[in-house]
Amino acid sequence: EMLVSAREKARGGELASVFGDQLVECLGGAVTAFGPERVLQVADLHILDRPLTSLTYEHDSRSWMLLVLQTSCRYTFLSYFAAKFLPMATALKARAAEAEKAGQGIVGKKYLTLLEQVWSLLPGFFDEALDLSTALMAEGGKMAKQLVSVLNNEPELRDYVWAAFSKACDGIREPPSELAKAVQESNRSCLQTLSGRILPEMFNAYCKGHAEGQEQDASRVGYKKSLALGAVQSYVRISDGQLVGGLFKKLVARLLKAVSDQSEGDEKSLALPLAELSSALVPHLLPEFLELALKVFSPMLSGAAAASEEDKTVANSLQKAAYRAVLGVLQHPTVQEPGVGADTSRILGLWTTLQESRQTCCPAALKARLACTDTMLKLTEKQMIPRASEPGVKQEYLKILQAILPEIMFHIRDQSTAVREAARECLHVAATTALNQELQTEIVTLISAGLAGLTRHSKASAVDALSRVLYEHSSKLSDDLQDRLITVVLMLLQDTDAQVWRSVLKFSKVVVFVVPKLRLTKLLPHLLKMFDSRHVATAKMLMRSIVERLVKVLPTDVLAEAFPDKHSPLLHYVQKLMVRNARPQSTRAVKKEEEEGDGKEGKDVEMDDDDARQKESFEKFQNNDDDDDDDRPAAKPVAKEAQEAGRKRGRAAEPATCGVMAHDAVQSLLDAWEAESDLSDGEGGGGGGASRKRASKAGKRKRDGNEGTSTWIHEDQDVPLDFMSADAAHSVLTVRPNAAKRRRGVQVGAAGATSRAEALRRSGLRFSEDGRLVVDEEAEENEARKEDKKAGFNLGSGGKAGADANKPKALSRLADIRKKRLQAKAKARSEKRGTHIIKGLDNYKPGKKADGDASRSQTLEPFAYVRLNPKVAKEKFKDKATASFAKVIKGAKKGVVKGMKAKTRDTKLRKAKEVRDRRRKGASKQKKSNAR
């Protein structure tokens, strides 16, 4: 009651942006827990009792409850839907018809919308229904008949019935809960009893839906088809096998009649939906019906070629359905088990049928055809490879490969992504099976035959196939075979076609990651011919990844000697980059995730072994042309805080600049300071959540012991440590030092001071409280006075000597400039943090010596603008974001300034004033009439 009361009292703005979603979740949880019948006892629906033309109809009728019930109904009683909502749906349909007759089209559409919302509750009531059998069988199956009537006669509501039957059947086949298991058998028995009546009606409804969807949007029609076929397949899975086989026979009989030459009109238009229904039933048939499926659909695989131009579209769709039916036969459980079900020799004989239909396959059926090929390859591997020792078995398998490999390689570079993926999967299965049976030379020879093709497509496809085979199965190929293969393919680096050259370049990337170092040196001259192509500018990042790998694995002198002089800057740049990334390992803490991912301690992370690189898929390896982070040496892990600090400052991990900075203790200390500065910036700039997260991670890392040692700074009591000095490394200790006693009478520096602080003071320098070095201006003034006294007489204060005396010294001017610069940076930083940035007020206002008309300060120029800061776009920064426009918006229009409350108040005041004016006018008229 409290939730319903809160929903009814809530305003539109509160439901839209404050707590509307949370309130709906609470109400939905109540519906799931207590059931819709109990919830509706508290908040009953008044959809038919309130006038639909009322402005408060949603509030008065509680029609909003339908949306809550739609997503929350489950584990409930289907009889309640039949008693409560089916009469309501009938009444809504009648009122919609009355409104249409009365010419009230908008009211009629609203009633139809409510009707759809009522029927949308049906799938939820079928989800683990507690009384499915009782509700469907009540009153002679009245509810089942009504559902079938909706399927056949009401296209707008058909999808809800499909979804309801799918949920009911899926819950019976795989009960998701103990409650569903308790009623599983009774529900199964009920639906099996009704299957003889419901399944034929489902077939008829699907055929009607196909005819109605010819003029609708293709995406919507596709969704409806998948939903309907899914419901049919779910129902068939729990039905009796003999009944399904009988229905399949009737379907294929109607299909053969529809595709025959004698068919005309409506019968011919039913060919495609009948073929789709028949192919959907094939995976769920009994074994004795599989032979019939092959006899019906095998001729359709090549039937598209003989069709006329008018029937070409239907013939192509029938071919696609035929491939799906054959795929269903191949994936049937009994076919996958040798010796059970259909004849195995008949299944393997389909290779001939597939080969004959290759030339007649339309583009729409390519994906289904390649799926059949993939399944046939797996089936052949399962049934023929165990008998590979028998004479002639390997030869038969090689004949199969000779027949299908050209087609597979032809589609490796197809325009469709799904076709490409299917072709690559077929290649993977075929190559894996051949290599496991010691057919390495044969499979490589068959694929290499495409290199002699006359078209660039055949060459590029063959190179792509060889790249995949070399990457995935390099350990199974002999060294001699690899060398011969690589030498032949690298010759195509001199090809003038861009498509072929880029495919060979990707093959070169596989070579440098797969071939060992010793053999890679011999192949280096062939690899570096890639720079001789005119298409170098089109693959810079891919070539850079190859060069980086060569720099990593080959000696510097060998690579420099063979590298082209014209492209030597690239080599030098990559070498410098590798040196810059090679920071000392002891200065970084190894990430816990990387240690778990390696699996072995001390494993070479530079991926010299094939197994390390092959942990990622070939597609990911080829897609990393522009991002080769995985190729970086992992022997130099960097602490997370230091990485974030480096990124925030816009730089990468910098190398050590001198021997002092390269010391391990100094590097560790600097990294820790960078991390602390990041945390402090996050606390001050509104990023408290992120800083707390980083701090918690840092604390966890310290507790886990990932920090190698603690670092202590040993410095003077009055003077901070100078890290640029030669003894900086000696002042950074790994053990906390004891407090040392100061020795008296020891001279420090050339000025005769007894301490470092005194030596700095005598030099005119000192340290402020925050540790910054400050130039002492008093010392400068004393020196200036001494110079004035030495100068003797002058010509007065107005002379040159007086002007020089009042002029600030160079160090003072430098300090002022630095101070102003810091203030400007701090101001810009604060503006960027909290508000939007106003550009044009300060940057473009006239200077002190500007010519022409002078404009006032803080006035907008035509080129001034407001640069929005995305960090203050959230609701909690509303005040800051609004205040940032105060410089621009001045004298805003008066009136409502605070929102809905003020607007309501002004409206009331205006209406009250109008009422007073009317009363005054009425009183004056009354006085005049009385006077008369």
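1. A good place to start is helix 29, which covers residues 498-514: its 17 residues reach 24 Å from the first C-alpha to the last, close to the 24 Å expected at 1.5 Å a residue. Bear in mind that this is a predicted model.

2. Staying with helix 29, you will find it mostly covered, with 13 of its 17 residues buried. Have a look at its start too: there a side-chain oxygen of Asp-497 comes to within 3.0 Å of the backbone nitrogen of Gln-499.

3. Next, the aromatic residues. The structure holds 8 aromatic pairs. In one of them, the ring centres of Tyr-80 and Phe-85 lie 6.2 Å apart with the planes at 80°, so this pair is edge-to-face. Ring pairs also link Tyr-80 and Phe-85 with Phe-81, Trp-119 and Phe-125 in a cluster.

4. Phe-85 deserves a second look. Its relative accessibility is 0%, so Phe-85 counts as buried. Phe-85 is also among the residues with the most contacts inside the largest nonpolar core, a set of 195 residues; others include Leu-78, Phe-126, Leu-136 and Leu-550.

5. Leu-136 is another of those core residues. Beyond its neighbours within four places in sequence, Leu-136 is in contact with Leu-78 and Phe-126, and also with Met-143, Leu-147, Cys-190 and Leu-194, among others.

6. Finally, the chain as a whole. The protein chain has 46 helices and 6 strands, and 39% of its 932 residues are buried. Of the contacts between residues at least 6 apart in sequence, 70% join residues at least 24 apart. The accessible surface is about 54600 Å², with 52% belonging to carbon and sulfur atoms.

Terms used. Residues numbered from 1 in each chain as written. Heavy atoms only, no water. Phe/Tyr/Trp six-rings, centres within 6.5 Å; stacked < 30°, edge-to-face > 60°. Buried < 20%, exposed > 50% of the residue type's maximum accessible area, 1.4 Å probe, protein only. Core = buried A, V, L, I, M, F, W, Y, C linked by side-chain atoms within 4.5 Å. Contact = heavy atoms within 4.5 Å. Helix = DSSP H or I, 4+ residues; strand = E, 2+ residues; numbered from the N terminus. Expected span 1.5 Å × (residues − 1). Polar contact = N/O pair within 3.5 Å; in protein donor to acceptor, adjacent residues only side chain to side chain. Areas by Shrake-Rupley, 256 points an atom, 1.4 Å probe, with all protein chains shown as cover.
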